Every structure is written in C-alpha cells, then in structure tokens.
Amino acid sequence: MKALGFTTYGVPEVFEELELPKPTLGEKDVLIKAQAIGINPYDALLRAGTMQKIRPLEFPIVPGSDVVGEIVEVGSKVKHYAIGDIVIAHPSIGGYGEYVAISSAKIVKKPEEMSLEEAAGLASVGTTAYFAVKLAKLKKNETLIIQGASGAVGSIAVQIAKEAGIHVIGIAHSRNRDYVSALGADEVVAYDEENLANRLADKADVVLDASFGGKGAAEGLQFVKKGGRYISLTSLPDNAEEKKVKAMRMTRTKDMKDKEALGYLADLYRSHKLRLKTAETLTFDLRGVIGAHQLIDKKKVAGKLVLK
Ligand SMILES: NC(=O)c1ccc[n+]([C@@H]2O[C@H](COP(=O)([O-])OP(=O)(O)OC[C@H]3O[C@@H](n4cnc5c(N)ncnc54)[C@H](OP(=O)(O)O)[C@@H]3O)[C@@H](O)[C@H]2O)c1
C-alpha cells in the first residue's frame, strides 16, 4: 500500500512516498481504507526528530493519529461494526497510509452529517480536549480559563466545558476573538491586546493551557485562584511550586478510553453543539503532506489541516 513517511528526521521535505505491506488484522481489529487524515502538531515533532528519545521508532516512520475511512475488513471478534461503515479512527501512529488496522475500541461511526474533513480532524484533539476537561473536575458555574482557546484542542474544550455549564474564559489572538466567542466562550481575552495578568489574576478555578508548545505557560499560573488547578497539555511552568495550586500535565492513562470520548463527541456533534473548523484541505499525496507540514510549522491558521 501507499504511505507517506520518512526515513530521516528533518524539514517537511523529508517526507517520501513509501510502498509498505498492507497491515494485517487482529481478531478485534478492523481494516480501514482511509478517505481523509488529520495532521497534528505532534506529527511535526515526530518528523523533526524532537520525540526520538521519548518515543524511539524505527524508520520508515509513518506518522498520523487521525483517520476517517471505510471499513473494508473486520476481525472475527468485532461486534457493532461491518464492512462499509464509515468510521473515525484514532491510531497511535501510522495514519498517513492508504490502510490502517485498528482495534474496534478506538473507532466510532462517523455521524452522517459530519463532513470527511471535520471527521478527519476530530479524534486526537477531541479525545484530548474531552479528557482534559474531565481531569479538571469542574462543577457547574465554576470558571475555566483556556489558553489557546482558538486552537484545535482548545476550541473543542471550550464547547465541552460550555455543555457542562462551566463559565469559560478563552484566551486567543485578537484575530480569533469572534471565532472563540462563537464557540460559546463567556469571555474572550486577546493576549496580543490586553494585559492578561491585570484582567485575569486569580480568576480561574482551573486553567487549561492548550496553547501551542505551552506558550502561555509562564503567565497561566497567575490566573489560578488559591486552591485551584492548572492543567497543561505540554509542560508545566517552572514556577508551578511557588504558587499554591495543583499543577498537572495531561497525559493519557489507561482508563481514558477512546471509545468513551469519541462516542461523547459524536453525540455532541449530532445535537449541533460541536463546531469543528478545518483550516485547509490538501491532497493526500507527497505534495499535500509536505505542504501541510510547512503550514503546521508556521502556526498561523486556526483549525485543522486535513489531507484528502
Ligand atoms: N493535537 C493533540 O491531540 C494534542 C494532544 C496532546 C497535546 N497537544 C499539544 O497541545 C498544544 C495545542 O495543540 P493543538 O493541536 O490545539 O494546536 P493548535 O491548533 O496549533 O492550537 C494552539 C493554539 O495556541 C495558541 N497560542 C499561540 N501562542 C499563544 C500565546 N502566546 N498565548 C496563548 N495562546 C497562544 C494559538 O492561538 P492563536 O492562533 O489565537 O494565537 C493556537 O490556536 C500543542 O503544543 C500540542 O503539541 C496536542
């Protein structure tokens, strides 16, 4: 099968078109023929070699954790899915290929009205946002400040938190103010226009740092009330101990089941309470993947990059 991967780390142009064996199925797996795939910042870190110590992998490396496609084969113990179903899948790697074999516990049927682009961008960021909000353990009317509220994870976290009756303050660049507001945030604060420390000091029961690479980390701690919590998707700020808040790095644990999160997100979408934004769709080929990685390295557009 055709796959897009690399045999050396580096710039987006290290991608090459590879010919690899079609994946084989376990008895609880399904084989999916990809129709669209989503690109994540993590894929760019893999490509650049930033993750090689934390996650050593053998070349060729085919990144990709977000796939939507048609089931073309099912394992003997798979229930609830059949050949022909269009599903959203969340593989840990290998998504930039023509086919992916994956456990049926890591897929969900695509809601009919959801486009392939929306579906391709959902699984990684949606499951991350779902478990980050869950980890926050907020009660109704408590305040959640989301740094990077315009981002792929942040924008979904805004909507999940609003659905749970939480007061949401989103931090984003001023160009994304209307977008974050339209997602339902009660307040939007533009980090390029306002003095965040003045406006937000001690306001949050929980701060979720979903900014790219933890860019908001240094100031985010100041927004947490005494006794509050700080959750980062990347790394914890150095001064976390100085302020008496519980600082946590959001890492996926075994009890965070994809099935639970994906099922919730599909239902939220069906009830018209989940808006998903595609930044750009590029072609599912070498040119497309290089272009998508060039864009993700520049970090300018809100929304997901998709190959189709
Ligand atoms: N994708 C995943 O599933 C996943 C899973 C775990 C962890 N992560 C990590 O979480 C982070 C966010 O991922 P993502 O996919 O949501 O990325 P993304 O779509 O690029 O969003 C990141 C957001 O960060 C915001 N930002 C940039 N500089 C900022 C600053 N100085 N202050 C506040 N916000 C700032 C940007 O907002 P503006 O455009 O409005 O400036 C952007 O919307 C990444 O570091 C990623 O590696 C992602």
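Begin by selecting K22 and Y99, where the charged end of K22 sits over the ring of Y99, 4.5 Å from its centre. The model on the screen is a predicted one, and every value given on this tour is computed from it.

Keep Y99 selected and add M1, A3, L20, P21, P23, V62, P91, I93, G94, V100 and A101, which together with Y99 line the second largest pocket. This pocket has a volume of about 210 Å³, and strand β6, which covers residues 99–103, gives the largest share of its lining, namely three residues. If you colour the lining by residue class, you will find 11 nonpolar residues and one polar residue, with no charged residues among them.

From P91, one of the residues that line this pocket, step across to S65, which touches P91 and also D43, A89, H90, S92 and S124, when residues up to four places away in sequence are not counted. S65 belongs to the loop between α1 (41–48) and β4 (66–74). Is S65 buried or exposed? With a relative accessibility of 8%, S65 counts as buried, because the limit for that class is under 20%.

Stay in the loop between α1 and β4 and select P60, which is found there too. The peptide bond that joins F59 and P60 is cis, with omega at about -5°, and this deserves a look because most peptide bonds are trans.

Now show the side chain of F59 together with that of F6. The structure holds seven aromatic pairs, and one of them is formed by F6 and F59, whose rings are edge-to-face, at 6.5 Å centre to centre and with 70° between the planes. This pair brings together distant parts of the chain, since F6 lies in the loop between β1 (2–5) and β2 (16–19) while F59 lies in the loop between α1 and β4, 53 residues apart. The two partners can also be compared by accessibility: F6 is buried, at a relative accessible area of 0%, whereas F59 is partly exposed, at 38%. To see the wider setting, add Y9, F15 and Y96, which ring pairs link with F6 and F59 into a cluster.

Next, move to K277 and Y179, where a lysine is again placed over a ring: K277 lies over the face of Y179, at 4.5 Å from the ring centre. K277 also leads to the largest cavity, as K277 is listed with G121, I156, L276 and K304 as lying nearest the centre of this cavity, which is lined by 17 residues. Two elements, α2 (116–120) and α4 (152–163), each give two or more residues to that lining, and the largest share, three residues, comes from α4. The cavity holds about 110 Å³ of space, and its lining divides into six nonpolar, six polar and five charged residues.

L276, one of the residues nearest the centre of the cavity, is in contact with Y269, which also contacts P111, E113, M114, S115, E118 and L274, leaving aside neighbours within four places in sequence. Y269 lies in helix α8, residues 258–270, and counts as buried at 11% relative accessibility. For a sense of scale, draw a distance from the C-alpha atom of Y269 to that of K215, 54 residues apart along the chain, and the viewer should show a separation of 29 Å.

Then select K243, in the loop between β12 (224–232) and β13 (246–249). K243 is partly exposed, with a relative accessible area of 24%, and outside its neighbours within four places in sequence it is in contact with D202, L221, Q222 and V224. K243 and Q222 are 21 residues apart in sequence, yet their C-alpha atoms are 8.0 Å apart in space.

The last stops concern the backbone. Which residues have a positive phi without being glycine? N141 has a phi near 70°, and H272 has one of about 60°. Both are worth inspecting because most residues other than glycine have a negative phi. N141 is placed in the loop between α3 (123–136) and β8 (143–147), and is exposed, with a relative accessible area of 63%. H272 is found in the loop between α8 and β14 (278–282), and counts as exposed at 69% relative accessibility.

Definitions and conventions
Residues numbered from 1 in each chain as written. Predicted model: local features only at pLDDT ≥ 70, side-chain atom pairs only at ≥ 80, totals over all residues. Heavy atoms only, no water. 1 Å grid on protein atoms, 1.4 Å probe; cavity = no way out; pocket = protein on both sides within 12 Å on 5 of 7 lines; lining within 4 Å. Points joined across faces, edges and corners; volume = space filled by probe spheres on them. Helix = DSSP H or I, 4+ residues; strand = E, 2+ residues; numbered from the N terminus. Nonpolar A, V, L, I, M, F, W, Y, C, P; charged D, E, K, R; others polar. Buried < 20%, exposed > 50% of the residue type's maximum accessible area, 1.4 Å probe, protein only. Contact = heavy atoms within 4.5 Å. Phe/Tyr/Trp six-rings, centres within 6.5 Å; stacked < 30°, edge-to-face > 60°. Lys NZ or Arg CZ within 6 Å of the ring centre and 35° of its normal.
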